[in-house]
Amino acid sequence: MGKNFSKIPNWFKLVIVLILLIALGCGVWFFVNKPPVKPPAEFLTARQRGAEISQKIVELTSVTNQKIKEINSLDLNGDILKAMALIEEVKNKNQEAYDQAVKLSEEMRKMAESLEKISFFLSRQIAVEAITLEVSLITNFIDYTQILNRFLNNVLQAIATSDSNYRRLAEENLGEINTKTWTINSLNQQSLEKMRVFDKSFSL
């Protein structure tokens with residue numbers, strides 16, 4: 001694997017701090033409502049790219065969860081070689097998923113940096129809330145990739161050693177994966193709704 005999934009990387013922690021500081025700063029920049037104007041082009045571009053990446057993340061989790069079911073089925077039926085091949089495929093997809101989280105964090109940074117150009121206070125606050133939801137989505141998704149990696153490793157160990165402890169750990173991982181999947185989908189829907197309200201504030 002090209003990335004270390006054992007912990008949230010330092011670069012991402014710095015990105016989160018930067019985004020939240022920028023968002024907070026813009027949220028208290030001034031409190032006078034000004035007539036709505038069109039959002040800055042860089043905000044709209046980053047928003048569009050971010051929405052596409054978020055949707056891809058949701059789709060990747062859905063596809064991965066289906067692959068997990070296939071792995072469990074193959075394992076239970078004793079089709080070890082196919083199970084191991086599928087595990088390797090999912091590991092590669094997990095790397096792709098991690099890379100999408102990196103890309104999404106960059107788009108959120110761009111959106112946060114352009115917040116000060118949104119003069120209408122209400123619109124800016126809605127954008128801050130949407131960005132905050134996306135940051136939470138990224139954090140949960142990185143957690144998801146880490147848990148998934150642990151699940152895959154535990155299944156591999158269970159197949160290699162027939163140790164029931166690894167299967168127990170894999171089952172625990174699976175419960176966490178399902179919880180994270182629900183959270184990611186929920187955060188994505190909440191963020192989309194915030195941006196719909198944002199559009200209404202500009203009559204977009």
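This is a short talk on the core, the pockets and the salt bridges of one structure.

Before anything else: the model is predicted.

I will start with the nonpolar core. The largest one has 47 residues. Within this core, the residues with the most contacts are Phe-43, Leu-148, Phe-151 and Phe-198. Four helices, α2, α3, α4 and α5, each supply at least two of the core residues. The helix that gives the most is α4, with 18 residues. As general background, nonpolar side chains in soluble globular proteins tend to be buried together.

Take Phe-151 from that list. What is Phe-151 in contact with, leaving aside its neighbours within four places in sequence? The partners are Ile-68, Asn-72, Ala-170, Asn-173, Leu-174 and Ile-177. Please keep Phe-151 in mind, along with Asn-72 and Ala-170, since these names return with one of the pockets.

Now the pockets. The largest has a volume of about 200 Å³. Its lining is made up of 16 residues. Nearest the centre of this pocket are Arg-47, Ala-51, Ser-191, Leu-192 and Met-195. By class, the lining divides into 7 nonpolar, 5 polar and 4 charged residues.

Which helix gives the most to that lining? It is α5, with 6 residues. For those following in the viewer, the helices that each supply at least two lining residues are α2, at 41-76, α3, at 80-113, α4, at 121-161, and α5, at 164-202.

The second largest pocket holds about 160 Å³ of space. Here α2, α4 and α5 are the helices listed as each supplying at least two lining residues. The lining includes Asn-72, Asp-75 and Leu-76. Phe-151, Asn-154, Val-155 and Ala-158 are also part of it, as are Tyr-166, Arg-167, Ala-170 and Glu-171. By class, that gives 6 nonpolar, 2 polar and 3 charged residues. So Phe-151 is among the residues with the most contacts inside the largest core, and Phe-151 also lines this pocket, because one of its atoms lies within 4 Å of a pocket point.

Last topic, the salt bridges. The structure holds 13 of them. In general, side chains of opposite charge can pair when their charged atoms come close.

Arg-109 is a useful place to look. Arg-109 forms a salt bridge with Glu-106, with the closest N and O atoms 2.3 Å apart. Arg-109 also meets Glu-113 in a salt bridge, at 2.7 Å, N to O. How are these residues placed along the helix? Arg-109 and Glu-106 both lie in α3, 3 residues apart, about one turn of the helix. Glu-113 and Arg-109, also both in α3, are 4 residues apart, again about one turn. Are the two glutamates buried, exposed or partly exposed? Glu-106 is partly exposed, with a relative accessible area of 32%. Glu-113 counts as partly exposed at 37% relative accessibility.

In α5 there is a salt bridge between Glu-172 and Arg-168, with the closest N and O atoms 3.0 Å apart. The two residues are separated by about one helical turn, because they are 4 residues apart in α5. Glu-172 counts as partly exposed, at 42% relative accessibility. Arg-168 also counts as partly exposed, at 44%.

Finally, a network of salt bridges links Lys-56, Lys-93 and Glu-96.

That is the end of the talk.

Note on methods: Residues are numbered from 1 along each chain as its sequence is written. This is a predicted model: local features need pLDDT of at least 70, side-chain atom pairs count only at pLDDT 80 or more; totals for chains, interfaces and linings use all residues. Side-chain values use heavy atoms; hydrogens and water are left out. On a 1 Å grid over the protein atoms alone, a cavity is a set of points where a 1.4 Å probe fits but cannot get out, and a pocket is an open set with protein on both sides within 12 Å along at least five of seven lines; lining residues have an atom within 4 Å of a point. Grid points are joined across faces, edges and corners, and a volume is the space filled by probe spheres set on the points. Ala, Val, Leu, Ile, Met, Phe, Trp, Tyr, Cys and Pro count as nonpolar, Asp, Glu, Lys and Arg as charged, and the others, Gly among them, as polar. A salt bridge is a side-chain nitrogen of Lys or Arg within 4 Å of a carboxyl oxygen of Asp or Glu. Buried means under 20% relative accessible area, exposed over 50%, partly exposed in between (1.4 Å probe, protein chains only). A nonpolar core is a set of buried Ala, Val, Leu, Ile, Met, Phe, Trp, Tyr and Cys residues joined through side-chain atoms within 4.5 Å. Contact means heavy atoms within 4.5 Å.
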